[in-house]
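Got a minute to walk through a structure together? Here it is, and then we can talk about how to read it.

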Amino acid sequence: MLLGALGVVYGDIGTSPLYAFKEAVRAASAGGTSAEPAAVVGAVSLILWALIIIVSVKYAVLILRADNRGEGGIVAMLALLGARHARPGTWQALLLVVGLVGAALLYGDGAITPAISVLSAVEGLKVDAPALGHYVVPITLVILIGLFLVQSKGVAFIGRIFGPVMLVWFAVLTLLGIGGIVHHPEILAAANPWRAVDFLTHAGWHVSFAMLGAAFLAVTGGEAMYADLGHFGAKPIRVAWFGLVLPALVVNYFGQGAVLLAEPDAIENPFYRLSPDWAHYPLIGLATLATVIASQAIISGVFSLTQQSIQLGFLPTMRIIQTAQDERGQIYVPVVNWLLAAGTLTAVVIFGSSDALAGAYGIAVSLLMAITTLLAALIALKWGYNPIAVVALNGFFLMIDLVFLGANSVKLLEGGWFPLVLAGLVALMMLTWKKGTALVEEARVALRLPEDVFLERLRANPPVRLPGTAAFLSSATHGIPLHLSRFVERSHALTEQILIVTALYEESPTVPQSERAEISRIAPDFYRLTLRYGFMEDASIPEGLACAVRSGLLPEHFIDDLTIFIGHETIIPKSDHRGMSDWREKLFAFMQRNGERTGAFFCVPTRQVIEVGTEIEI
């Protein structure tokens, strides 16, 4: 578990020494070609205490406590707060919007992280051979295209080397840092937090803000500790952080600072100047591999977030492929993979260097951290913690988050707009889908027959009874599905046994098998079956039916000759003053048309499916 956490959780923050310190010192030196000693010590001190306060205390000690039955992340927080079912106009509805913006920011982070990580590793070629600088972007694009191409194969084969490679990486970081510190131990003065405070207060606000924004790059990736909580658990994540990752990062940053104290002109790339000349190219290879692992970790995280968002009703159904039979978290989402690839490759082409991308990187992550702090405070209050302590502690961390957010906002026009535009588009789609599905359900309610009315019509005009069982999928736990009443209306026939099946996703990550199925009888040989799944599970109708049979809720012959009827709804946007604006209704209709087929999403074999069409105006 410790090795796995090294590869998945700490891949992003573990590769930040490639670019974070360099950018912080450049900002402190106002873009000069050499580093001032006070700027070097101040930058190292600022990064050290940012790692301690934000990552160690806030995330490792406090935020990891806000788990939803072992799962973490923004979506798990929204589930804990019950924001999914918020009524419009309430504070919970506002909370839902804030939470979905936080989730959308992870997509912006997912597009930037592979770009800046791989670029910063490949840029090591320019240390020994400046003429190779023209090849950095093409090599980066080739590596990233290869990374996105192999996603469909699954990451199980890469996963086996994740941990060991990152273990070697952190060992190398430590050795390089020790070498620098031994030669120039005066850098140890940076352990005093006053050195950071003193520099920031005397450097002028524009330099201080630029330095704060650049130093924040050292803690980006810290949010992965919480996002990946469900994969490893809090203890391995904490042990890996305090036992290896934090010491390795701190020692390396101190080592880079020592190099700049001795060679102020090494500001171009202090990380690679730490190593002896003979080790440059092996180090570039190791750094590139480490950044690919960091990129893989964020891509997998985006896939998991997409799955959770779909199952909680924040995104339309998409094709999700399980790439490993023995590991549920190994998934591949083709649409998201190629949209993420487009965003990442665009970022590399537009910005062209890790220096330029640094301006785009921090703003999305700092806003995400601020939202996480706010939601964590609300969860603590909901769980009954002392309100004064919660407000004081989370208020302190929120103030720090907002300071870093303000510092990064200065870089809005330098590139910070890029991840915000991506996040804004994702948030727009999430909110449009959430609102659109609510409008469709309102339309269904108006058209859906009550059970007693439907049964009375059957008695008045008995249909032809066909052998076998028909299961009608329904989104509601009451009333008759539209496609059931439409099928009887048009065919004047009905099977001998009838099931109305509803699959619900709960606010918890998993649901025990003993609580999977619940059944109620509507009439003789006419039942309503409700299946419950957690937001980390795949809803399989065949598995749910088999579970109901095993539990004795359904007789076995019900599923021997089973046909599953699914409503195929065509959304018709209507130009009126109700619902959403016309363009959002058209966007929702487009998303609904291009979503995964309902039968495929619920794992229903195609040969058992019959679709019944219905038009719904919104």
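What follows is a short dialogue on reading helix packing, cores, burial and backbone angles.

Q: Before we start, what kind of model is this?
A: It's a predicted model, where local features need pLDDT of at least 70 and side-chain atom pairs count only at pLDDT 80 or more, while totals for chains, interfaces and linings use all residues. Residues are numbered from 1 along each chain as its sequence is written, and side-chain values use heavy atoms, with hydrogens and water left out.

Q: How do I read the packing of α3 and α18?
A: Two packed helices are described by the angle between their axes and the distance between the axes. Here α3 (residues 20–28) and α18 (residues 354–382) pack at about 85°, with axes 11 Å apart. Axes are lines fitted to C-alpha atoms, for helices over the stretch in contact, and angles run from 0 to 180 degrees between N-to-C directions. Helices are DSSP runs (H or I, at least four residues), strands too (E, at least two), numbered from the N terminus. The pair is therefore roughly perpendicular (65 to 115 degrees).

Q: Which residues make the contact of α3 with α18?
A: Lys22, Glu23 and Arg26 of α3 meet Ser354, Asp355 and Ala358 of α18, where contact means heavy atoms within 4.5 Å.

Q: Which residues touch the most other members of the largest nonpolar core?
A: In soluble globular proteins, nonpolar side chains tend to be buried together. A nonpolar core is a set of buried Ala, Val, Leu, Ile, Met, Phe, Trp, Tyr and Cys residues joined through side-chain atoms within 4.5 Å. This one has 176 residues, and Tyr10, Leu51, Trp169, Phe170, Met225 and Trp241 touch the most other members. Helix α6 (residues 91–122) gives the largest share, 16 residues. A second, separate core has 18 residues, including Val488 and Phe565.

Q: Is Ser295 buried or exposed?
A: Buried means under 20% relative accessible area, exposed over 50%, partly exposed in between (1.4 Å probe, protein chains only). Ser295, in helix α16 (residues 280–311), has 0% relative accessibility, so it counts as buried. A polar atom of its side chain lies 2.8 Å from the backbone oxygen of Thr291.

Q: And what is notable about phi in Asp525?
A: Phi of Asp525 is near 60°, a positive value in a residue other than glycine. Asp525 is in the loop between β5 (517–523) and β6 (526–533). Cys603 also has a positive phi, about 60°, and isn't a glycine.

Conventions: Angles under 35 degrees count as roughly parallel, over 145 as roughly antiparallel, 65 to 115 as roughly perpendicular and the rest as oblique. A polar contact is a pair of N or O atoms within 3.5 Å; within protein, one must be able to donate a hydrogen and the other to accept it, and residues adjacent in sequence count only if both atoms are side-chain atoms.
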